Amino acid sequence: MLKLYYSPGACAMGSHIALEEAGADYVLEKIDLAKGEQKRPEYLAINPNGVTPALATPQGIITQNVAILAYVAQTHPHAQLADLDDPFAFGRLQAFNAWLTSALHPAIGKVVFSRPPLEGAARDAAVEAALAKYDLAEHHMLVGPWALGEDHSLTDGYLMVFTRWGRQAGLLDKARFPKLNAHLDLVQSRPAVQRVLHMEGLQPI
Ligand SMILES: N[C@@H](CCC(=O)N[C@@H](CS)C(=O)NCC(=O)O)C(=O)O
């Protein structure tokens, strides 16, 4: 049995969606970021980095969404969440996921989660930086209709986390980002994603 440590609506949703899409046998443990539960000793014993997600497996803990996503795909090959037999295709998927974690996540995260909230010129600069990453995703990363092309994959649920944040922040203009908006709607229409949103106490947006 797997256990996912998550916070509702946060980046751990990418791992949560992968587990649900895979039909994995897992339970959830909520870590309330607003209450600082990620910095409590009980959780630091699981992830000394003090962030979610973390996945407890029979062999131990795995942290980092990109690592959890690959683990879920490799342990549930029947779910076809990644092309595991083609090193080039898997490399392309990993490159997209690595870009999400290292570029898009910090850019939009700065706009949405800075505490205290950014204001004035600092907020304008953060918004511009996030929009530049969405431009890159719109024109160079997202193939369509799914992130990597014709087939749904691990990357779709993970990308959706960050386009969802962008739409909530009013940054995902439909005229400027038609592909990203269509992709977000497509991913949110998936039954597994709707179950995840429900489990996390959220609605499609
Ligand atoms: N690269 C990490 C990022 C993890 C991360 O930053 N998680 C955020 C939520 S989206 C968090 O737990 N933040 C709590 C904090 O920084 O105190 C991953 O993808 O797993």
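Is Gln59 buried or exposed? At 74% relative accessibility, Gln59 counts as exposed, since the cut-off for that label is over 50%. Keep in mind throughout these views that the model is predicted.

**View 1. Gln59 in its loop.** Here we zoom in on Gln59, which sits in the loop between strand 3 and strand 4 (60-63). For a sense of distance, take Ala18 as a partner: the two residues are 41 residues apart in sequence, and their C-alpha atoms are 19 Å apart in space. The two ends of that span contrast nicely, with Gln59 exposed and Ala18 of helix 1 buried.

**View 2. Helix 1, wrapped up.** Helix 1 covers residues 12-22, and 11 of its 11 residues are buried, so the helix is largely enclosed by the rest of the structure. The buried set includes Met13, Ile17 and Leu19, along with His16, Glu20 and Glu21. What does the covering of these buried residues include? Among the strands there are strand 1 (2-6), strand 2 (26-30) and strand 3 (54-57). Helix 3 (65-75), helix 6 and helix 8 (191-199) also help to cover them. Just past the end of helix 1 comes Gly23, with a positive phi of about 70°.

**View 3. The largest pocket.** This one holds about 580 Å³ of space. Its lining counts 23 residues, and the ones closest to the pocket centre are Cys11, Leu33, Val51, Thr52 and His105. Two elements give two or more residues to this lining, namely helix 4 (87-113) and helix 6 (154-168). Helix 4 supplies the largest share, five residues. If you're thinking about the chemistry of the walls, the split is 10 nonpolar, 11 polar and two charged residues. Both domains take part: domain 1 (2-80 + 193-199) and domain 2 (87-190) each provide at least three lining residues.

**View 4. The second largest pocket.** Next up is a pocket with about 440 Å³ of space. There are 20 residues in its lining, and Asp83, Ala89, Leu93, Leu148 and Ser153 are the closest to the centre. Helix 4 and helix 5 (120-141) are the elements that give two or more residues here. Which element gives the most to this lining? That's helix 4, with five residues. By class, the walls have 11 nonpolar, five polar and four charged residues.

**View 5. Stepping back to the whole chain.** After the close-ups, a wider frame helps to place them. The protein has eight helices and four strands, and along the sequence they run β-α-β-α-β-β-α-α-α-α-α-α. The C-alpha atoms fill a box of roughly 45 × 40 × 30 Å along the principal axes. Why call the overall size consistent with a compact globule? Because a compact globule of 205 residues would have a radius of gyration near 17 Å, and the 16 Å of this protein agrees with that. Buried residues make up 48% of the 205 residues. As for how the chain meets itself, take the contacts with a separation of 6 or more: 64% of them join residues 24 or more positions apart.

Key:
Residues are numbered from 1 along each chain as its sequence is written. This is a predicted model: local features need pLDDT of at least 70, side-chain atom pairs count only at pLDDT 80 or more; totals for chains, interfaces and linings use all residues. Side-chain values use heavy atoms; hydrogens and water are left out. On a 1 Å grid over the protein atoms alone, a cavity is a set of points where a 1.4 Å probe fits but cannot get out, and a pocket is an open set with protein on both sides within 12 Å along at least five of seven lines; lining residues have an atom within 4 Å of a point. Grid points are joined across faces, edges and corners, and a volume is the space filled by probe spheres set on the points. Ala, Val, Leu, Ile, Met, Phe, Trp, Tyr, Cys and Pro count as nonpolar, Asp, Glu, Lys and Arg as charged, and the others, Gly among them, as polar. Domain bounds come from an automatic or database domain assignment. Buried means under 20% relative accessible area, exposed over 50%, partly exposed in between (1.4 Å probe, protein chains only). Contact means heavy atoms within 4.5 Å. The radius of gyration is taken over C-alpha atoms; the globule rule is 2.2 Å times the number of residues to the power 0.38.
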